[in-house]
Amino acid sequence: MITISVERSDREGGREPVLEGYEVPIDDGATVMGALLHIYETSESNLAFRCGCRNRDCGLCAVDVNGKPRLACITPLKKGLVIRPLRRLPVARDLVIDRRWIMPFLERFDLFVRDGGLREWPPRLSVPAEHARLAGCAECLSCLAACPSFESGREDIGGPYHFVKLAQLHWDPRDSADRRAQAAQLGIARCAGCRKCACPLGIPIYRAAVAPLAGGRSERSAGD
Ligand code: SF4
Ligand code: SF4
Ligand code: FES
């Protein structure tokens with residue numbers, strides 16, 4: 001057995017954040033998610049955390065582990081880990097982030113292919129490499145937690161997740177909207193010189209989303 005710490009809180013119920021220690025079993029392949037499930041099943045059935053696919057696909061299990069955003073289902077369990085909810089995001093309870101603000105925040109940017117006709121003729125059949133990489137975003141929000149500029153609750157400040165959403169369309173040859181202008185509305189100018197975008201799934205956020213939207217590359221290219 002090893003001991004780990006988990007932040008417990010209930011903002012709506014008036015319980016301030018406090019670190020609680022828990023003993024959990026460890027063996028080869030043990031993960032942070034396995035430890036949370038053990039705590040939930042054996043002693044604390046009111047521990048709030050999200051768990052979905054348990055295979056790095058759904059993005060629901062993102063938490064802060066020793067100060068870094070991680071997917072709990074693929075993060076190795078170690079003695080002394082401190083597990084908290086993702087930073088910079090509103091917390092509902094314990095490790096659960098309140099995600100209700102996301103859709104209203106994004107709705108004003110029309111995140112669908114606008115019916116403006118194809119930008120090229122004949123239409124390109126290949127998918128730009130950037131588009132394919134960005135399509136793997138699991139919407140875990142870890143990148144927002146690691147972004148020094150992001151402030152939740154401010155409608156004029158976006159973060160890497162929002163730039164990924166805009167860039168998915170920026171690279172889509174069918175989309176005619178000016179996604180760079182939308183990124184500018186979200187303060188992408190703050191990104192100059194930062195490059196701290198981080199994704200647990202390895203999505204090259206800065207190269208494929210931030211730099212192109214900020215004007216680092218003028219062409220929407222295929223396959224490079
Ligand atoms: S870009 Fe990566 S870190 Fe950001 S929401 Fe998508 S999967 Fe999560
Ligand atoms: S480059 Fe921009 S989006 Fe990426 S971490 Fe820095 S401020 Fe955030
Ligand atoms: S539970 Fe789905 S990514 Fe971890």
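**Notebook: salt bridges, a strand residue, a loop and a ligand shell**

I began with Arg 87, which forms a salt bridge with Asp 64, the closest N and O atoms being 3.3 Å apart. Arg 87 lies in the loop between β5 (82–84) and β6 (91–93) and Asp 64 in strand β3 (residues 62–65), so the pair ties together parts that are 23 residues apart in sequence. I note here that the model is a predicted one.

I then looked up the accessibility of both partners. Asp 64 has a relative accessibility of 4% and counts as buried. Arg 87, at 46%, is partly exposed. I recorded the general background as well: side chains of opposite charge can pair when their charged atoms come close.

**Entry: other salt bridges**

How many salt bridges does a search of the whole structure find? I noted 12 salt bridges for the whole structure.

I next took the pair Asp 94 and Arg 93, whose side chains meet in a salt bridge with an N to O distance of 3.7 Å. Asp 94 counts as buried at 1% relative accessibility, whereas Arg 93 counts as partly exposed at 32%. I asked which residues are linked with Arg 93 and Asp 94 in a network of salt bridges. I found Arg 8 and Glu 44 in this network, together with Arg 93 and Asp 94.

I also examined Glu 151, which forms a salt bridge with Arg 154. The closest N and O atoms of Glu 151 and Arg 154 are 3.7 Å apart. For Glu 151 I noted a relative accessibility of 39%, which counts as partly exposed. Arg 154 is partly exposed too, with a relative accessible area of 33%.

**Entry: Val 65 in strand β3**

I returned to strand β3, where Val 65 lies; Asp 64 of the opening salt bridge is also in strand β3. Is Val 65 buried or exposed? Its relative accessible area is 6%, and Val 65 is therefore buried, the limit being under 20%.

I then listed what Val 65 touches, leaving out residues up to four places away in sequence. The contacts of Val 65 are Val 32, Arg 70, Thr 75, Leu 81 and Val 82. Of these, Val 82 falls at the start of the range given for β5 (82–84). I also looked up a pair remote in sequence: Val 65 and Ser 5 are 60 residues apart along the chain, and their C-alpha atoms are separated by 9.9 Å.

**Entry: the loop between α3 and α4**

I checked backbone angles in the loop between α3 (129–134) and α4 (142–145), the place of Glu 139. Phi of Glu 139 is near 60 degrees, a positive value in a residue other than glycine. Glu 139 counts as partly exposed at 29% relative accessibility.

Leu 141 has its place in the loop between α3 and α4 as well. I noted a phi near 75 degrees for Leu 141, again positive in a residue other than glycine. Leu 141 is buried, with a relative accessible area of 2%.

**Entry: the shell of ligand 2**

Which residues are around ligand 2? I listed Cys 147, Pro 148, Ser 149, Pro 160, Cys 191, Cys 194, Arg 195, Lys 196, Cys 197 and Tyr 206. By class, I recorded seven nonpolar residues, one polar residue and two charged residues in the shell around ligand 2. Arg and Lys count as charged, so Arg 195 and Lys 196 supply the charged class here.

Technical notes. Residues numbered from 1 in each chain as written. Chains lettered and ligands numbered in written order. Predicted model: local features only at pLDDT ≥ 70, side-chain atom pairs only at ≥ 80, totals over all residues. Heavy atoms only, no water. Near = heavy atom within 4 Å. Salt bridge = Lys/Arg side-chain N within 4 Å of Asp/Glu carboxyl O. Helix = DSSP H or I, 4+ residues; strand = E, 2+ residues; numbered from the N terminus. Buried < 20%, exposed > 50% of the residue type's maximum accessible area, 1.4 Å probe, protein only. Contact = heavy atoms within 4.5 Å.
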